[in-house]
Amino acid sequence: MTFSDPVADMLTRIRNANTAKHDSVEVPSSKMKLAIAQILKDEGYIADFVVTGDGAAKTINITLKYGRDKNDHILSGLKKISKPGLRIYASVDELPKVLGGLGIAIISTNEGILTDKQAREKKVGGEVLAYIW
């Protein structure tokens, strides 16, 4: 199955599983999705992720993270910013701050997939992929 926007598909699957209070969600694997999953894990929005399968059929199994019970969502929002029909780019001076710095923006730069904070430290801009809070 092909998708016109695989990153938006990944974020939608995570958002839907989180809303339905599932323990985990499976997403088809790619290098960009792995980088985004690593950022989500490093920033504490998901518990863990594991790549399963082999060859072209690799999937990322993402374990979602909740508070004391499943009503306490750690991940309260995901929003895709740059879309295939309208790419959004930001220079280092224009990098967005999500909720005044409480959330993160995921940026695709020439240094790789970074958070807005990492991009400011490295002084690089790029395509704004998503906001996470």
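Me: How many salt bridges come out by the rule?
Reply: The count comes to five. The model is a predicted one.

Me: What makes Arg-87 and Glu-127 a salt bridge?
Reply: The rule asks for a side-chain nitrogen of Lys or Arg within 4 Å of a carboxyl oxygen of Asp or Glu. In Arg-87 and Glu-127 the closest N and O atoms are 3.2 Å apart. That value lies within 4 Å, so the pair qualifies.

Me: Which parts of the chain does the pair of Arg-87 and Glu-127 tie together?
Reply: Arg-87 sits in the loop between β4 (78–80) and β5 (89–90), and Glu-127 sits in strand β8. The pair therefore links parts that are 40 residues apart in sequence.

Me: Is Glu-127 buried or exposed, and how do you know?
Reply: Buried means under 20% relative accessible area. Glu-127 has 12%, so it counts as buried. Arg-87 has 41%. That falls between the 20% and 50% cut-offs, so Arg-87 is partly exposed.

Me: Why does the pair of Glu-111 and Lys-122 count as a salt bridge?
Reply: The closest N and O atoms of Glu-111 and Lys-122 are 3.9 Å apart. The limit is 4 Å, so the pair is counted. Glu-111 lies in the loop between β6 and β7 (112–115), and Lys-122 lies in helix α3 (residues 116–122). The pair therefore ties together parts that are 11 residues apart in sequence. Glu-111 is partly exposed at 46%, and Lys-122 is partly exposed at 44%.

Me: What separates Asp-116 and Arg-120 along helix α3?
Reply: About one helical turn, because they are four residues apart in α3. Their side chains meet in a salt bridge, at 3.5 Å from N to O.

Me: Which exposure class does Asp-116 fall into, and why?
Reply: Its relative accessibility is 2%. The limit for buried is under 20%, so Asp-116 counts as buried. Arg-120, at 25%, is partly exposed.

Me: Why is the largest nonpolar core called a core?
Reply: The name is given to buried residues of the nonpolar kinds, joined through side-chain atoms within 4.5 Å. This set has 26 residues. Ile-14, Ile-36, Ile-62, Ile-106 and Ile-132 touch the most other members.

Me: Which elements supply at least two residues of this core?
Reply: They are α1 (6–19), β1 (24–28), α2 (31–42), β2 (46–52), β3 (59–64), β6 (104–109) and β8 (126–132). The largest share, five residues, comes from α1.

Me: What does Ile-62 touch?
Reply: Leaving out residues up to four places away in sequence, its contacts include Met-10, Ile-14, Val-25, Val-27 and Phe-49. Polar residues are touched too, among them Asp-23, Ser-24 and Asp-48. Apart from the largest core lies another, of 10 residues, including Leu-95, Ala-105, Ala-119 and Val-124.

Me: How do you know that β2 and β3 pair?
Reply: Pairing takes at least two bridges. β2 and β3 have six, in the antiparallel sense, so they pair. Across them, the bridge partner of Val-50 is Asn-61. The two strands form a hairpin with six residues between them. Gly-53, in the turn, has a positive phi of about 90°.

Me: What makes the phi of Leu-99 worth a remark?
Reply: Most residues other than glycine have a negative phi. Leu-99 is not a glycine, yet its phi is positive, about 50°. Leu-99 is in the loop between β5 and β6. Exposed means over 50%, so Leu-99, at 53%, is exposed.

Me: Where is Lys-123 found?
Reply: In the loop between α3 and β8. Lys-123 also has a positive phi, near 55°. Its relative accessibility is 64%, over the 50% cut-off, so Lys-123 counts as exposed.

Me: Which order do the helices and strands follow along the sequence?
Reply: The pattern is α-β-α-β-β-β-β-β-β-α-β. That is three helices and eight strands.

Me: Why is the chain called as compact as a globular protein of its length?
Reply: Its radius of gyration is 15 Å. The globule rule gives 14 Å for 133 residues. The two values are close, so the description holds.

Note on methods
Residues are numbered from 1 along each chain as its sequence is written. This is a predicted model: local features need pLDDT of at least 70, side-chain atom pairs count only at pLDDT 80 or more; totals for chains, interfaces and linings use all residues. Side-chain values use heavy atoms; hydrogens and water are left out. Buried means under 20% relative accessible area, exposed over 50%, partly exposed in between (1.4 Å probe, protein chains only). Contact means heavy atoms within 4.5 Å. The radius of gyration is taken over C-alpha atoms; the globule rule is 2.2 Å times the number of residues to the power 0.38.
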